[in-house]
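Student: Please take a close look at the surroundings of the ligand. I should then like to see how the residues there relate to the rest of the chain.

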Amino acid sequence: MTIAGKHVILGIAGHIDHGKTELIKALPVDRVFTLEGHGTIVTGTLWSGSIGPGDKVEIYPKGETARVRGVQVHDQAVEAGVHALRINPGNIGARERVEALVGACADRGIPIRIGVNSGSLEKDILERDGHPTPEGMVESAARQVELVEGLGFTSLLLSLKASNVGMTVEANRLMAARCDIPFHLGVTEAGTVLPGAVRSSVGLSLLLAEGIGDTIRVSLAGPSEEEICVGREILKSLGLRHGGVTVIACPTCGRCEIDVQAIAKEIERETAHIRTSLVVAVMGCAVNGPGEAREADVGVAGGGSETVLFRHGESVERLPGGEVIGRLLSEIRSHSAGSS
Ligand code: SF4
């Protein structure tokens with residue numbers, strides 16, 4: 001990469017939060033790029049190329065999609081060995097550009113995602129429709145599919161994303177009805193964690209329940225880990241993903257005797273890495289709690305000075321308040337160790 005006359009190789013390590021500006025400290029350069037990315041960037045050379053002053057760089061982890069705004073970096077990404085490439089019909093440019101890129105991907109066995117975004121539809125479609133529509137998104141995708149498939153390239157994935165849930169759903173339904181290319185789903189720019197999780201859940205669930213969608217992405221203005229958690233929960237809720245600890249927690253009421261929310265959150269945090277399928281119930285009281293706690297693999301029901309621990313429906317121990325989290329975790333770990 002040439003920056004201010006110097007040749008440097010990007011060596012990137014660490015975490016780049018969505019929308020944040022970060023200095024890549026390891027770089028031997030005297031300027032800072034505005035990075036808009038997400039996820040953990042693997043250490044190593046991501047790509048090399050030429051970037052001019054003021055360019056905005058959007059970097060995805062090596063092994064996922066790589067793209068850059070302000071410069072055409074697809075070629076460098078292909079050369080660097082990305083596992084997949086996304087092209088946006090709205091800004092990829094002239095046919096010759098697509099032909100060259102498709103040729104390079106074909107030579108290296110790199111699949112391409114044709115990723116339509118309602119916010120960057122082709123000018124002629126926008127001028128005709130006046131604003132983004134599901135039909136316009138489909139037309140954008142279909143044109144690009146026709147072009148790429150016409151070049152003999154079939155290692156394709158499709159995505160049609162909008163920040164509007166209804167538009168995302170409708171565009172994907174329409175497109176799915178006219179091709180059998182695998183779909184990557186997402187409600188783009190879904191918002192901050194809570195509203196974004198809801199919008200993503202509604203949109204993705206509607207489509208997944210209809211059998212549309214092969215991969216998903218939850219886009220949140222928040223920590224990347226939350227995107228993964230939300231995506232995982234969507235898939236688990238639909239029975240499309242199995243395994244892992246599912247924490248059931250009561251909403252609490254005047255009968256509650258323990259800090260259900262704090263316990264449940266801690267259990268979720270500490271067990272996020274566990275692959276064993278396990279249901280854990282955290283219930284606030286001994287009046288209505290034992291029913292749910294008994295149905296779970298492991299559960300607690302809060303009670304006066306002592307919380308009852310359940311294992312496969314049996315009440316097995318009474319715990320002082322301070323021991324609830326530690327004891328639950330040791331139960332979960334022994335369950336997961338026993339079944340792995
Ligand atoms: S389990 Fe007990 S504390 Fe929790 S909501 Fe039900 S009645 Fe209230």
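Tutor: The shell around the ligand consists of seven nonpolar, four polar and one charged residue; here Ala, Val, Leu, Ile, Met, Phe, Trp, Tyr, Cys and Pro count as nonpolar, Asp, Glu, Lys and Arg as charged, and the others, Gly among them, as polar. This is a predicted model, in which local features need pLDDT of at least 70 and side-chain atom pairs count only at pLDDT 80 or more, while totals for chains, interfaces and linings use all residues. Residues are numbered from 1 along each chain as its sequence is written.

The members of the shell are C250, P251, T252, C253, R255, C256, M283, G284, C285, V287, N288 and G289, where a residue is near the ligand if its C-beta atom, placed from the backbone, lies within 6 Å of it. Two of them, T252 and C285, deserve separate treatment.

T252 belongs to the loop between β12 (245–249) and α8 (260–271); helices (H or I, at least four residues) and strands (E, at least two) are DSSP runs, numbered from the N terminus. The phi of T252 is near 70°, a positive value in a residue other than glycine. Most residues other than glycine have a negative phi. T252 has 17 other C-beta atoms within 10 Å and is therefore partly exposed. The cut-offs are 20 or more such atoms within 10 Å for buried and 12 or fewer for exposed, with partly exposed in between; the C-beta atoms are placed from the backbone.

C285, in turn, occupies the loop between β13 (278–283) and α9 (289–295). C285 is buried because 21 other C-beta atoms lie within 10 Å. Outside its neighbours within four places in sequence, C285 is in contact with R255, C256, E257, A301 and G302, a contact being a pair of C-beta atoms, placed from the backbone, within 7 Å. Of these partners, R255 and C256 are also in the shell of the ligand. C285 and V300 stand 15 residues apart in sequence, with 8.8 Å between their C-alpha atoms.

How many residues does the chain contain, and what share of them is buried? The protein chain has 340 residues, of which buried residues make up 34%. Its secondary structure comes to ten helices and 16 strands. Of the contacts between residues at least 6 apart in sequence, 55% join residues at least 24 apart.

Away from the ligand shell, several helix pairs can be described in turn. Helix α4 (residues 134–150) packs against helix α5 (residues 165–176) at an angle of about 45°, with the axes 8 Å apart; axes are lines fitted to C-alpha atoms, for helices over the stretch in contact, and angles run from 0 to 180 degrees between N-to-C directions. That angle makes α4 oblique to α5, since angles under 35 degrees count as roughly parallel, over 145 as roughly antiparallel, 65 to 115 as roughly perpendicular and the rest as oblique. The contact is formed by P134, E135, M137, V138 and A141 of α4 with M167, E170, A171, L174 and M175 of α5. Its residues are eight nonpolar, no polar and two charged.

α5 also meets α6 (193–209). The axes of α5 and α6 come within 9 Å and cross at roughly 20°, and the two helices are therefore roughly parallel to each other. V165, T168, V169 and N172 in α5 meet R199, V202, G203, L206 and L207 in α6. By class, this contact of α5 with α6 has five nonpolar, three polar and one charged residue.

α6 packs against helix α7 (residues 224–237) as well, at an angle of about 35° and with the axes 10 Å apart. V193, A197, S200, S201, L204 and S205 of α6 make the contact with E226, V230 and I234 of α7. The contact of α6 with α7 divides into five nonpolar, three polar and one charged residue. L194, also placed in α6, is exposed, with 12 other C-beta atoms within 10 Å. The C-alpha atoms of L194 and E226 are separated by 9.9 Å, at 32 residues apart along the chain.

Finally, E189 offers another positive phi, of about 45°, although it is not a glycine. E189 is found in the loop between β10 (184–185) and α6, and 17 C-beta neighbours inside 10 Å make E189 partly exposed.

Technical notes
Two residues are in contact if their C-beta atoms, placed from the backbone, lie within 7 Å.
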